[in-house]
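Colleague: Got a minute to go through this one with me? I'd like to start with the cysteines and then move to a sheet.

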Amino acid sequence: PFKGWMNDPNGLCRVGETYHLFYQYHPNGTDWGPMHWGHAVSPDLYRWVHYPVFQHPDGNLAALGATGGAFSGNAFTDRDGSLSFYYTERLPAYDLFKDYKEVQKRMRPSANLVRPVANQLVLDSTPPGASHDFRDPKVWYDESAGCYRMILGSAVDGDPAILLYNSEDGNEWSFASVLYRAPSRFREGGARCAECPDFFFVDGHWVLVAGFVGYTEAETGRHNLLYAVTGDFRDGAFIPYSDELQELDFGTDYYAMQSFWDGRRQLAFAWLFNWEVRKPEGSAYSGEMSLPRVLAVDDSKRLAMLPEASYKRLRQKRLDRPGESRIVTSLTDAFELTLAGTLPDIAIEGVAANGSSFLLRTEAGRLVVSLPEDDGRIVYRSANLTLKDLTLFFDRGVLEIFANSGVVCGTRRSYRMTDLVGIEVRAGADTTIARLEAWSLRSAWE
Ligand code: FRU
């Protein structure tokens, strides 16, 4: 945003030839506060124009000294083509962790999508055992069952969980089941609930995605992690292929992912933040979105994410030269680097004008990334992998990493380094780089 605070992507959809990105927005400050829905539109997922604030909290929360408001939610296109948004309203709250109430609403937008015209409360009580964290609805119509389905992020007896509701008409909802309950290690590691659940069918598989807020992984110190589980969805039950959860971002700055079908492919955006590092004092805004990503499920039934390919139109200058591992970039451009081959021992260092640098390297069969902000308390490392390809993007402090065709991803953003002056690729003796390609990327607006 130009100013104010932004978090989760909301209400993602394509209407005609226009993409709409709504988002959690606090216009009156650069920290989280009473939640509005901001709004931006784009013809191509890369050039975004800001629109007026779309949705306001129900009541003047600032005057009450309260927080809450229009929390996260999704767009839903009904069988007759009409669009509505299901979202959560947190009623005026005076504590961030206890004694709040969250209800689900259905809102219909004006034909030009600039303001809500009808807003209806559709669900206001939690099922037995569920916590007061009860939010972030995603709705779809289930053809085979002939009913509407809704999932919500919550916790059941303390375990992060995703709840399933059914409806005949999209307005009256009845609790069906706990669609998914996280293994107890998440509760034990401090997780309070599941947030922003996403559930979609891609490449013949069902994929469930959610973030577990409050969780800290003991081995690395990383927290608020995002996971996917692939499986089957039959007769209202989700049957995971495996008990394992796939970690979606080893860098942890890719959270509250929301995906949508644009008529051609399943696309996703996420909020690039983790609460760990704050924007420096005095900044006019806080919050960035990821690159648009295309989702797929690979042969090993894992979710793969790759940047939507039309960014390639922004490629400006090829920067690599045969046999050279030191690549000099310019001060202002965004940057893309791809390596492929047998890459067991590799290090990529990006140096900024002020001398600070990021380092992405392999270590004991994992990818590890560090930034100038890091003090060593948290280790940003991936699961074990045999590295075959690696693509990274650097754009004004935002680093998005895609490995092994997007099955392993890592995202981080630095506020201490914004522009790269050079990047160096170092390879160990047993490493063969079959392909190296580096590009500067121009502004989407040029
Ligand atoms: C995730 C989240 C959601 C909630 C929203 C509030 O970042 O906590 O669960 O709806 O942000 O802004």
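Modeller: One cut-off before the cysteines: a disulfide is a pair of cysteine sulfur atoms within 2.5 Å. Keep in mind that this is a predicted model.

Colleague: Fine. How many disulfides by this rule?

Modeller: The count comes to zero.

Colleague: Why is Cys 409 not in a bond?

Modeller: Because the closest cysteine sulfur, in Cys 196, is 18 Å from the sulfur of Cys 409, which is too far for a bond.

Colleague: And Cys 196, which cysteine sulfur is nearest to that?

Modeller: That of Cys 193, 9.3 Å away, and Cys 196 is in no disulfide.

Colleague: Is Cys 409 buried or exposed?

Modeller: Buried, with a relative accessible area of 3%. Cys 196 counts as buried too, at 10% relative accessibility.

Colleague: Changing topic. What is the strand order in the open sheet?

Modeller: There are six strands, in the order β23-β33-β25-β29-β30-β31, and the pairing is antiparallel.

Colleague: Which are the edge strands?

Modeller: β23, residues 315-318, and β31, residues 408-413. Each of them pairs on one side only.

Colleague: What does the twist average?

Modeller: 20 degrees from one strand to the next.

Colleague: Back to β23. How many bridges join β23 to β33?

Modeller: Three, and the two strands run antiparallel, with β33 covering residues 432-441.

Colleague: What stands opposite Arg 315?

Modeller: Leu 441, in β33.

Terms used
Residues are numbered from 1 along each chain as its sequence is written. This is a predicted model: local features need pLDDT of at least 70, side-chain atom pairs count only at pLDDT 80 or more; totals for chains, interfaces and linings use all residues. Side-chain values use heavy atoms; hydrogens and water are left out. Two strands pair if DSSP finds at least two bridges between them. Helices (H or I, at least four residues) and strands (E, at least two) are DSSP runs, numbered from the N terminus. Axes are lines fitted to C-alpha atoms, for helices over the stretch in contact, and angles run from 0 to 180 degrees between N-to-C directions. Buried means under 20% relative accessible area, exposed over 50%, partly exposed in between (1.4 Å probe, protein chains only).
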